[in-house]
Amino acid sequence: IIFSSVHLFADLPRFVSFTPCMRFELHASGVSDGVTHDDRVLRYVVDNADLSAVTVTDPVDQKIEISQSKKNECTFRPTEPGDYTLTIVLQRKFHLTSPVCQVSGTAVTGGDVLAIQTASFVIRSGLSRGGQAEQIQIRVEGPSGEEITLGKLNDKRDGTYTGGSFKPQPPGQYTVHVTAFGKPASGSPFHPLFFAASAPHCVASGVGVEGGSQALAGQQLSFEIRPRDSSSKDVREGPKAFQVSVVEQRQETSEEQPMAVEAQVSELPNGAFLAQYTPPQPGRYEVRITLHGTPIAGSPFAVEVRPPSVPKGKRRRRSSSSSSGSAASSVSSARKEEQQEEVLAGEGSPRSGSEVEEGVASGEEEEE
């Protein structure tokens, strides 16, 4: 009995090859026709398998005792005439692993949304045949965690699936989960970055990056970032496209570490971004602006922050004693001038100097 053998395929073309997986050879004399009461010797050869069981049944389906005489040899003695049945059980263990699913395509690599337009998948399931598209599961999340609707997968019937397309809008960092036969695909989850702007063409303007007389310590400084593509046209970017860091610069001789200042970035309705920060004290600050980790034009910016200024025209308040003294002095002067005018006008008889002084004193008392 030969289960498989290379010489059976000797006449096939050379590009066809065959490697036996399990092979069992049985010596013909042990199972040839003959007479009863004669010992029958079964000689066999087994390759790439284990001989699990050898049984012989007589004409009435009763098992006959078999003895192992040598390695790869056993003996039995038939006693009843008729047809005998030899049953041989081979056993071979083999190990199977889950197929390795490989994913490629713009849906997992990301890129410029203006060039890509529609992102798609190429999924190699690890099998040599198709028909199992339902075993491929894809979930795509947008920059804000929202779930993205995908197109249908196309079965190429060779274990490859394509499609599952979607439009990467808005731009930003996406998250892609791919599973095949209940197991994550190689590299999953993926984090493709889709962008519309070109970092070297993005610009920033405002007191927060330009400095000037309005860049004062303790006051909120702001600036605007405009995302632009490679042709310097304004485009829209994702909500987390720009990162801003503000650090106070220290002198090289200073042992203090540079102090970081928190900056807030928000998207404006027109597609630009507004950044704001408040420098706590005067000094030189460095403002770094990046688009998905790449510095924009002019970054980092050096900003000189000035001390807060004192408003003009603000006078010091005098003490209460000096104020009351000056008020009394001005009242007495006015009283003296009034009485002198009365004398010159002839409204009454002239008063002596003592009377004038008494009048002035009484006027001061009344004023007090």
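**Entry 1: two phenylalanines.** I started with burial and found that Phe-166 is buried, as is Phe-194. A reminder to myself: this is a predicted model.

**Entry 2: aromatic pairs.** Next I looked up ring contacts, and the structure holds seven aromatic pairs. One of them joins Phe-166 and Phe-194 in an edge-to-face arrangement, with 6.1 Å centre to centre and 85° between the planes. I checked the angle against the cut-off: planes over 60 degrees apart count as edge-to-face, so 85° qualifies. Phe-166 sits in strand S13 (residues 160-166) and Phe-194 in strand S17 (residues 193-195), so this pair ties together parts that lie 28 residues apart in sequence. I then followed the rings outward: Phe-166 and Phe-194 belong to one aromatic cluster with Phe-121 and Tyr-174.

**Entry 3: nonpolar cores.** Phe-121 turned up again here. The largest nonpolar core has 50 residues, and Phe-121, Phe-223, Val-287 and Ile-289 touch the most other members. Strand S24 (residues 283-291) gives this core its largest share, four residues. Apart from it I found another core of eight residues, including Phe-24, Val-56, Cys-74 and Phe-76.

**Entry 4: the largest pocket.** Last, I turned to open space. The largest pocket holds about 350 Å³. I noted 19 lining residues, of which Val-31, Ser-32, Arg-40, Gly-82 and Tyr-84 are the closest to the pocket's centre. Strand S2 (40-47) and strand S7 (85-91) each contribute at least two residues to this lining. Sorting the lining by class, I get nine nonpolar, six polar and four charged residues.

Technical notes
Residues numbered from 1 in each chain as written. Predicted model: local features only at pLDDT ≥ 70, side-chain atom pairs only at ≥ 80, totals over all residues. Heavy atoms only, no water. Phe/Tyr/Trp six-rings, centres within 6.5 Å; stacked < 30°, edge-to-face > 60°. Buried < 20%, exposed > 50% of the residue type's maximum accessible area, 1.4 Å probe, protein only. Core = buried A, V, L, I, M, F, W, Y, C linked by side-chain atoms within 4.5 Å. 1 Å grid on protein atoms, 1.4 Å probe; cavity = no way out; pocket = protein on both sides within 12 Å on 5 of 7 lines; lining within 4 Å. Points joined across faces, edges and corners; volume = space filled by probe spheres on them. Nonpolar A, V, L, I, M, F, W, Y, C, P; charged D, E, K, R; others polar.
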